[in-house]
Amino acid sequence: MHTRTLGRTGRTVSVIGLGTWQLGSDWGDVDATTARSILDAAVESGVTFFDTADVYGDGQSEKTIGAYLADNPGHGITVGTKMGRREAQNAENFTLAKFREWTDRSRANLGVDTLDLVQLHCPPTAVFSTPAVYDALDTLVQDGAIAAYGVSVETAAEALAAIEHPGVATVQIILNAFRLKPLDEVLPAAAAAGVGIVARVPLASGLLSGKYSADTTFAENDHRNYNRDGSAFDVGETFSGVDYESGVAAAQEFAALAADTGLTTPQAALAWIAQLDGVSSVIPGARIVEQAKSNAVAGSAAQLPTQFDAAVSELYDRYFRAAIHPRW
Ligand SMILES: NC(=O)c1ccc[n+]([C@@H]2O[C@H](COP(=O)([O-])OP(=O)(O)OC[C@H]3O[C@@H](n4cnc5c(N)ncnc54)[C@H](OP(=O)(O)O)[C@@H]3O)[C@@H](O)[C@H]2O)c1
């Protein structure tokens, strides 16, 4: 497993991490035993970075990770959690008092005195240009409640605004073969500033595994069923915001490209992101143990040929650029 520096946290993490939204809710049911086994399998496969949030299962994902950390002293895992989405999404809610309340709950859930990394969880855009927000986050660092902070963003513009702030250690953004906008400015700006990029939704919610067809159905309590129109949260978080039918067709073409790499289709999708300059960690979510194990293999894959890069760009231009590029 290759490792990278996680931006200004200064910590070394695996280039393939683990997203743990699936260990909470919104992806159908993942039972507690499976959730724990996914963490075990990821770490046994070389993963040293977990991404979670206070809102995943209303704390259940954090608590599962907390139990894992408690059972594995000397684990060497870095945990990035997120805060801010348990309240109404008003910029006025992003205060020091709220930050203390939210981080205290995450510290208890994770069983730690100091959070390794807390990320603002896609807050209202105004938050990114509010100096008092960064002052409050700096105070949490001084207090020792958090070791570092970052942001999770919806758009490239929000990422660029956050990167300009010297206290921001990491930026989490959707980045995958169907979401190329961050390559234009965000990755170069982050690399120049020493800010870590955490690439989320790297499989476009599973589309880039190439396993879905037009007839695939998802459980009622799976956001890939109930958020296709963006009625619950930003539609970009579900299938990367691409129209499902186009996504399935493009994924078939992506699978054909991946077939020449010696990797499985999802491994090729992840390795391609991990090999981009400026990316610190790619955080695929896993619903079963086998996915966590297989995804970690992408972190030691050989360099993909430049023709692969060119083919990914061509695919994006043909299917998605017009709808996706101006929006996020
Ligand atoms: N706003 C935010 O900050 C935000 C938003 C979204 C996500 N995130 C973070 O980013 C992480 C990753 O994003 P994501 O989980 O939304 O999407 P993702 O990683 O693009 O897709 C995860 C899904 O891909 C499928 N999959 C994973 N590995 C596979 C494999 N080896 N073979 C076949 N299929 C595979 C599974 O689908 P099936 O369930 O169909 O098997 C899995 O549920 C999340 O877990 C979360 O930690 C953060």
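A polar contact here is a pair of N or O atoms within 3.5 Å; within protein, one must be able to donate a hydrogen and the other to accept it, and residues adjacent in sequence count only if both atoms are side-chain atoms. The model is predicted, so to speak of local features pLDDT must be at least 70, and side-chain atom pairs count only at pLDDT 80 or more, while totals for chains, interfaces and linings use all residues. Numbering runs from 1 along each chain as its sequence is written, and side-chain values use heavy atoms, with hydrogens and water left out.

Select the ligand, then its shell (residues with a heavy atom within 4 Å). Of the 31 residues there, D51, S152, L203, Y212 and R287 come nearest.

Now pick Q291: one of its polar side-chain atoms is 2.8 Å from a ligand oxygen. Next, show the backbone of P202, where an N or O atom lies 3.4 Å from an oxygen of the ligand. G206 also places a backbone N or O atom 3.4 Å from a ligand oxygen.

Move on to helix α3, residues 96-110 (helices are DSSP runs of H or I, at least four residues, numbered from the N terminus). Select F99 and W102, three residues apart, about one turn of the helix.

Note on methods. Helix = DSSP H or I, 4+ residues; strand = E, 2+ residues; numbered from the N terminus.
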